[in-house]
Amino acid sequence: MFFIPLFSSNLVTKKIGHRIEYLRSVDSTNTEIYRMLQNNEIQPGDIILAETQTNGRGRRDNQWYSNPGESITCSMILEDNDSLLIKKLPLISGISIIKGIKQLTNIECDLKWPNDIIYNAKKLGGILIEKKGNYFIIGIGLNVNELTLEKSIKESTLSLRLILNRSIQREPLLAFILNHFENSLNQSLEAIIKEWESFCAHMHTSINFRQSNKLISAKFLGLNQSGEANIKIGTEKKVISSGAIEL
Ligand code: BTN
């Protein structure tokens with residue numbers, strides 16, 4: 001059960017999260033929020049939160065697993081009314097989750113490019129951003145109170161409860177994340193890039209970069225002025241905007 005009044009009492013945003021649609025089960029909150037947008041049932045700043053997803057979707061066509069009632073699985077819709085938003089969103093969504101977790105639990109998580117939330121190199125959460133016409137859909141998946149994780153991803157994932165050894169209230173956690181998210185929207189891209197790099201788990205370290213099923217050894221140099229990743233393969237510098245990094 002997600003207790004909306006407890007969520008709302010911790011929310012201090014101007015626009016984001018004041019209307020929240022709470023669903024027991026849905027295929028994917030990203031898919032559902034788009035359906036609602038097409039039916040004029042939703043406005044920018046609104047949130048959909050589901051206890052269970054039957055077809056949770058991750059980046060790069062991966063499936064997203066979460067245990068019913070234990071995680072945060074939600075989507076938000078924003079209008080593309082600022083040319084820098086496309087660069088800011090992938091960065092500030094990760095940053096705001098890191099800050100929200102720190103505020104509630106004191107746990108210091110890291111970011112893995114572009115926006116995986118990690119702790120001790122294990123994944124706690126991820127973000128799926130989709131552009132639909134003049135709107136962005138931002139989907140957040142965060143493992144919160146799971147004691148057991150899906151078999152196929154057990155070795156590489158973690159939940160906040162497994163770190164802290166106690167259960168965590170999802171309501172203030174989501175509110176804190178959205179508070180930080182709205183604050184960051186008004187920051188300059190330059191400041192956002194700096195902050196993202198300060199949370200990055202692999203600045204100036206060796207990484208493996210996966211693109212089209214090929215794994216390439218590289219060094220991560222940081223973000224460029226567009227928020228894309230600068231990497232060095234051998235002596236050659238490259239800019240990457242898609243793919244995945246393996247630590
Ligand atoms: C990733 O790391 O691959 C991104 C995972 C994003 C999962 C969230 S859960 C809520 C929203 N609905 C979805 O179907 N996906 C996103």
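**Exercise 1. The surroundings of Ala229**

Find which residues Ala229 is in contact with in this predicted model, leaving aside its neighbours within four places in sequence.

*Solution.* Step 1: begin with the contacts. Once those neighbours are set aside, Ala229 is in contact with Trp113, Phe220, Gly222, Leu223, Lys238, Val239 and Ile240.

Step 2: pick Trp113 from that list. Ala229 and Trp113 are 116 residues apart in sequence, but their C-alpha atoms are 7.7 Å apart in space.

Step 3: place Ala229 in its element, which is strand 10 (residues 229-233).

Step 4: decide whether Ala229 is buried or exposed. Its relative accessibility is 0%, so Ala229 counts as buried.

**Exercise 2. A salt bridge between distant parts**

Work out where Glu51 and Arg170 lie in the chain and how their side chains meet.

*Solution.* Step 1: the two side chains form a salt bridge, at 2.8 Å from N to O.

Step 2: Glu51 belongs to strand 2 (residues 47-53) and Arg170 to helix 5 (residues 170-185); at 119 residues apart, the pair links distant parts of the chain.

Step 3: check the burial of the partners. Both Glu51 and Arg170 are buried.

**Exercise 3. Two more pairs to compare**

Describe the salt bridges Lys131 with Asp80 and Asp116 with Lys123, and say how accessible each partner is.

*Solution.* Step 1: in the pair of Lys131 and Asp80, the closest N and O atoms are 3.0 Å apart. Lys131 sits in strand 6 (residues 122-132), and Asp80 in the loop between strand 3 (71-79) and helix 3 (85-105), so this salt bridge ties together parts 51 residues apart in sequence.

Step 2: Lys131 is partly exposed, at 41% relative accessible area, and Asp80 is partly exposed too, at 23%.

Step 3: turn to Asp116 and Lys123, whose side chains meet at 3.0 Å, N to O. Asp116 has 7% relative accessibility, which is under 20%, so Asp116 counts as buried. Lys123, at 24%, is partly exposed.

Step 4: add a network. Asp27, Glu32 and Arg35 are joined by salt bridges that share partners. The count of salt bridges comes to 11.

**Exercise 4. The whole chain**

Decide why the protein chain can be called as compact as a globular protein of its length.

*Solution.* Step 1: list the elements, namely six helices and 12 strands.

Step 2: compare the radii. The radius of gyration is 17 Å, close to the 18 Å that the globule rule gives for 247 residues, so the chain is as compact as a globular protein of that length.

Step 3: add the burial, with 49% of the 247 residues counted as buried.

Technical notes:
Residues are numbered from 1 along each chain as its sequence is written. This is a predicted model: local features need pLDDT of at least 70, side-chain atom pairs count only at pLDDT 80 or more; totals for chains, interfaces and linings use all residues. Side-chain values use heavy atoms; hydrogens and water are left out. Helices (H or I, at least four residues) and strands (E, at least two) are DSSP runs, numbered from the N terminus. The radius of gyration is taken over C-alpha atoms; the globule rule is 2.2 Å times the number of residues to the power 0.38. Buried means under 20% relative accessible area, exposed over 50%, partly exposed in between (1.4 Å probe, protein chains only). Contact means heavy atoms within 4.5 Å. A salt bridge is a side-chain nitrogen of Lys or Arg within 4 Å of a carboxyl oxygen of Asp or Glu.
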